[in-house]
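Here is a short round of questions on helix packing and sheet layout. Look at the model first, then read on.

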Amino acid sequence: AFMSILAHSLLNRVAAEEPHLGPAAMLGRLRERLLEALHHQPDYEHQPYDGMDLALCRYEPATRRLRFAGARRPLFLFRQGAALEAFPGARASINAQPGQPFTEVELHLGEGDTFYVFSDGVTDQFGGVPGRKLNFRRFRDFLAQVQPLTLAEQHARLRLFIAEWQGATRQTDDMLVMGVRA
């Protein structure tokens, strides 16, 4: 929880101070600021800090320009009448260690194209088949099925899909799905 609160604060600060940055540069700045902040903490050298996985997008609806960078989180894109395009994030998390630079993907969307970013809590949720995670494949297949629906209808179906998958299994992590249709 401490890392999430700290990252939220730092990312807001980066966005306010450097609004021109693209998603990859913002993730890099977030990592730098996190390193600075944690080096001032007592016992920093002895603390095992977990990384944060994060998908960051900058979308301009007027031009349908989408820029994406991820820290161990992908972006799923369904183009109108076409199959899924998946854009993986970097294999690095946002953590208290220096790492490789983040890469950015720039896409131009057509009318009706839909993109999704989601937290790892969705695909890591146990349920359905006992002892199994929902996983990327099942989630991707669900998204492909609901493409003809409006986003409001997709939201209702997603809530039902997750509830049915989860069943009596307790929720293990936060779950966030964001879908945007151009």
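Q: In this predicted model, is the crossing of helix 1 and helix 2 left-handed or right-handed?
A: The model is predicted. Helix 1 passes helix 2, and the crossing is right-handed.

Q: Is helix 1 roughly parallel or oblique to helix 2?
A: Take residues 2-17 as helix 1 and residues 23-39 as helix 2. Their axes come within 9 Å and cross at roughly 125°. That makes helix 1, relative to helix 2, oblique.

Q: How many residues of the contact of helix 1 with helix 2 are charged?
A: Helix 1 brings residues including F2, L6, R13 and E17, and these meet a set in helix 2 that includes M26, R29, R33 and L38. The contact residues divide into 13 nonpolar and no polar, and the charged ones number four.

Q: Which strands stand at the edges of the sheet?
A: Four strands form an open sheet with antiparallel pairing, in the order 4-3-6-9. An edge strand has a single partner, so one side of it is left without a neighbour in the sheet. That holds for strand 4 (84-87) and strand 9 (177-181).

Q: Which residue in strand 9 stands opposite F118?
A: Strand 6 (residues 114-118) runs antiparallel to strand 9, and five bridges join them. Opposite F118, in strand 9, stands V177.

Q: What angle does the direction of helix 5 make with that of strand 9?
A: Helix 5 (residues 151-166) packs on the sheet. Helix 5 touches strand 6 and strand 9. Its direction makes an angle with that of strand 9 of about 160°.

Key
Residues are numbered from 1 along each chain as its sequence is written. This is a predicted model: local features need pLDDT of at least 70, side-chain atom pairs count only at pLDDT 80 or more; totals for chains, interfaces and linings use all residues. Side-chain values use heavy atoms; hydrogens and water are left out. Axes are lines fitted to C-alpha atoms, for helices over the stretch in contact, and angles run from 0 to 180 degrees between N-to-C directions. Helices (H or I, at least four residues) and strands (E, at least two) are DSSP runs, numbered from the N terminus. Angles under 35 degrees count as roughly parallel, over 145 as roughly antiparallel, 65 to 115 as roughly perpendicular and the rest as oblique. A crossing is left-handed if the near helix is turned anticlockwise from the far one by less than a right angle, and right-handed if clockwise. Contact means heavy atoms within 4.5 Å. Ala, Val, Leu, Ile, Met, Phe, Trp, Tyr, Cys and Pro count as nonpolar, Asp, Glu, Lys and Arg as charged, and the others, Gly among them, as polar. Two strands pair if DSSP finds at least two bridges between them.
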